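Biologist: Please take a close look at the interior of this model, starting with the enclosed space. Which element gives the most to the lining of the largest cavity?

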Amino acid sequence: MTSSRIPGFYKLSIDERRKQLAEHLGLDAAAAKLLAEPMLDEETANHMVENVVGVYGLPLGIGLNFQVNGKDYLVPMCVEEPSVVAAASNAAKMIRASGGFTAEADDPIMISQIQLCDVRDTVHAKKRIEAHASEIIVACDQAYPSLVKRGGGTRGIEVRILEEESTHRPGMLVVHLHVDVRDAMGANLVNTLAEAVADRLAELADGTVGLRILSNLADRRCVRVKARIALADLATDRHDGEKVRDGIVSASRFAELDPYRAATHNKGIMNGIDAVVLATGNDWRGVEAGAHAFASTKGAHGGYGPLCTWRVAKDGALEGKIELPMAVGTVGGTLKVHPGARLALKMIGTERASDLGMVMASVGMASNLAALRAMASDGIQRGHMSMHARTVALGVGATGEQVDLIAAELAESGDVRAERALAILQRLRASGGFSGIQA
Ligand code: MEV
């Protein structure tokens, strides 16, 4: 890959964008061709889920300008919401100018839970299971030898007493298996392990087996990203860099203090993350669940808080950091069957799940920065208006050049209703061309 900077990309036709992308990424002819086709055929879809009646489409855009740990990435983003791709690309450009994103990832440790019920002596049961930890770990590795061959395997166990026994009822324990799943998302894998050792654990606890399933709070598989932005790059045409920086820091504090704001703050982060998770065929509900469960202790008062926070750096620049669990894979699952997901992964250019997670968290951080910068300066609606106007224009049947003309007129007037878009479209059609538009 040459560079993730492609100036003027947004001005090109879709075909020209595809050509540029293929050139930048060195895609072979088959991969480049796939971009222009429906990426999932009905037959494959029919094998993926039940009661299939069609294949649902979403736009696939490219996040530009990303540089993570010194490496450039062109990032496939699958999302229905206007502005997400442009905003993330724009923020990535600002961050790139100050050295790009610096990221690190934990080992890919997933947690598998085995619930143990009807335990009459929880303290004794916990001790007994802990004393047999090596036996359980060996049993897990024997149940999945191919994982061990790939360098993964069960690294440890943890026993937690959830409810002490009482005179009224026996207690409840949960055993966590900590499993290094390497480049898989790992859900199926760790579920298999939980099922393999559950009976033995119940025997050791003198209890009964309950649920055996992964935890989506994958807090042993976190990604952390940092970035900084120089004041000059934060400035807008109406607001200087210092004012924008202070507005962003204050917005960050707002999210730390108020869960109502933190939910929206994190939604903006997930706009970017989910788009890449979806494009690469990963389980976005799992990533969402993990992100929000992780955020539930990040507030200033210990409750729900922001995943990404911003401060003034010593030299006056803006600096930010994000941390969240990133349970995503580059092998197995949807990737096996969905050619579009495989292509998206090829675009990102890594086979390492940890690299993918670091890119995703960087996109989330960029999305957050873009939203806070807009709100701390001109307000979100100004930028949103023109994108929304395009959606409205498409919605009333505009095509080709009509879309831009109608969107420009709607945004200029500040009236972005479908009725107005339709009136402009009718006027364009009646004039037999695209000239003679009045604001
Ligand atoms: C909209 O999809 C996302 C924002 O609401 C995020 C935020 O408020 O930080 C703009």
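Modeller:
**Cavity and cores**

Helix α15 gives the most to the lining of the largest cavity, with three residues; helices here are DSSP runs of H or I of at least four residues, strands are E runs of at least two, and both are numbered from the N terminus. The model is predicted, so local features need pLDDT of at least 70 and side-chain atom pairs count only at pLDDT 80 or more, while totals for chains, interfaces and linings use all residues. Residues are numbered from 1 along each chain as its sequence is written, and side-chain values use heavy atoms, with hydrogens and water left out.

The structure holds one cavity of 30 Å³ or more, and the largest cavity has about 60 Å³ of space. A cavity is a set of points on a 1 Å grid over the protein atoms alone where a 1.4 Å probe fits but cannot get out, and lining residues have an atom within 4 Å of a point. Points are joined across faces, edges and corners, and the volume is the space filled by probe spheres set on them. Among the lining residues are Arg-221, Cys-222, Val-223, Ala-353, Ser-354 and Gly-357. Besides α15, strand β8 (222-229) gives two or more residues to this lining.

α15 (residues 353-376) also gives the most to the largest nonpolar core, with 12 residues. That core has 59 residues, and Phe-101 and Leu-324 have the most contacts inside it. A nonpolar core joins buried Ala, Val, Leu, Ile, Met, Phe, Trp, Tyr and Cys residues through side-chain atoms within 4.5 Å; buried means under 20% relative accessible area (1.4 Å probe, protein chains only).

Key
Buried means under 20% relative accessible area, exposed over 50%, partly exposed in between (1.4 Å probe, protein chains only). On a 1 Å grid over the protein atoms alone, a cavity is a set of points where a 1.4 Å probe fits but cannot get out, and a pocket is an open set with protein on both sides within 12 Å along at least five of seven lines; lining residues have an atom within 4 Å of a point.
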